[in-house]
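Please walk through this model with me, beginning at a single loop residue and moving outward from there to the strands around it.

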Amino acid sequence: MSNNTLETAKEISLSSSAQTLTDSVSANLTDYYRFQLKSYGSLSTVLDRLSGDANLELIQDRDRNGTVSSSEILAISNNQGAISELVSAVLNPGTYYLRVSTSQDSTRYSLNLSAVFDLKTELTWRNYATGENAVWLMNNSAIESAVFLTKVPGTDWNIEGVADFNHDGQTDVIWRNYATGENAVWLMNNNAIESAVFLTKVPGTDWNIEGVADFNHDGQADVIWRNYVTGENAVWLMNNNVIESAVFLTKVAGTDWNIEGVADFNQDGQTDVIWRNYVTGENAVWLINNNVIESAVFLTKVAGTDWNIEGVADFNQDGQTDVIWRNYVT
């Protein structure tokens with residue numbers, strides 16, 4: 001049976017072991033592969049051994065109508081020529097598709113897949129008095145275990161976010177040094193530091209890293225920044241720990257509004273931004289579409305400065321983005 005539509009997609013049974021599929025694709029016949037995740041997990045796919053140009057996309061047919069809209073494309077890799085394509089993502093339980101396409105007469109390819117199942121949401125902590133760093137491994141809303149990471153003395157280095165920066169299915173840690181302007185990523189392997197990679201230096205304390213997520217659906221972890229002096233907001237679009245370009249978002253003047261996290265709040269496959277105003281207690285979400293603000297939604301007001309938003313993630317694996325708060329007084 002042909003696998004050239006969502007309906008006739010070739011079924012893939014994912015496992016923790018890597019697997020490889022080989023085929024060819026032509027300009028007028030696109031190849032689709034379907035797989036299911038029964039638990040919160042991560043997927044890494046590489047399209048290589050290409051005889052010509054080909055593209056790789058990760059899709060979720062949310063409305064189940066058998067067609068693909070732009071909002072249902074979760075990640076795209078479309079390098080030019082016979083360069084390998086890479087798509088990786090952390091996914092909620094559900095049915096997903098991979099699409100292989102080309103504009104050439106025919107292109108041979110190998111599709112390599114690997115998955116990690118039953119991922120746990122993690123909370124990363126830093127003690128700025130002792131320099132200790134730790135990770136809480138969560139099971140729904142309960143702490144399953146705690147793991148200590150390498151100690152980093154002093155208060156200059158700040159943990160600013162976590163994401164998979166090198167597509168190995170492991171959560172890495174991004175740091176910023178507000179004294180020197182240095183930025184670095186710890187590449188992790190099972191909570192052990194494998195190596196450290198330095199990113200472009202940004203001197204001064206005006207620019208703050210406020211989160212990491214894939215903003216342009218290329219399977220890369222991008223970095224969102226906020227300048228609390230000028231009110232500017234920007235995204236570094238990354239490619240394997242290298243800055244490909246920078247995109248400026250709408251300016252928000254003043255220091256009252258803080259970016260507190262980035263995640264998909266309305267399940268449209270786009271990375272959104274959550275804000276908190278520590279003067280008024282207002283909380284809001286920017287719903288983003290291709291780095292453009294489509295609308296803003298206000299959440300429940302939480303008065304006072306004691307309560308801080310410290311992260312966003314799906315803590316109960318229901319496909320919804322949850323918000324974690326910490327009260328530094330109580």
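**From a loop residue to its sheet**

N241 is found in the loop between β19 and β20, where strands are DSSP runs of E with at least two residues, numbered from the N terminus. This is a predicted model, in which local features need pLDDT of at least 70 and side-chain atom pairs count only at pLDDT 80 or more, while totals for chains, interfaces and linings use all residues. Residues are numbered from 1 along each chain as its sequence is written, and side-chain values use heavy atoms, with hydrogens and water left out.

N241 counts as buried because its relative accessibility is 16%, buried meaning under 20% relative accessible area with a 1.4 Å probe and protein chains only. Leaving aside neighbours within four places in sequence, N241 is in contact (heavy atoms within 4.5 Å) with F165, L187, V197 and L199.

The two strands flanking this loop run antiparallel, and 7 bridges join β19, residues 233-239, to β20; two strands pair if DSSP finds at least two bridges between them. Across this pairing, M238 stands opposite I243 in β20.

Both strands belong to an open sheet of 4 strands with antiparallel pairing, in the order β17-β18-β19-β20. Its edge strands are β17 (207-213) and β20 (242-249), each of which pairs on one side only. Neighbouring strands of this sheet are turned by 25° against each other on average, direction ignored, with axes taken as lines fitted to C-alpha atoms and angles running from 0 to 180 degrees between N-to-C directions.

Note on methods
Buried < 20%, exposed > 50% of the residue type's maximum accessible area, 1.4 Å probe, protein only.
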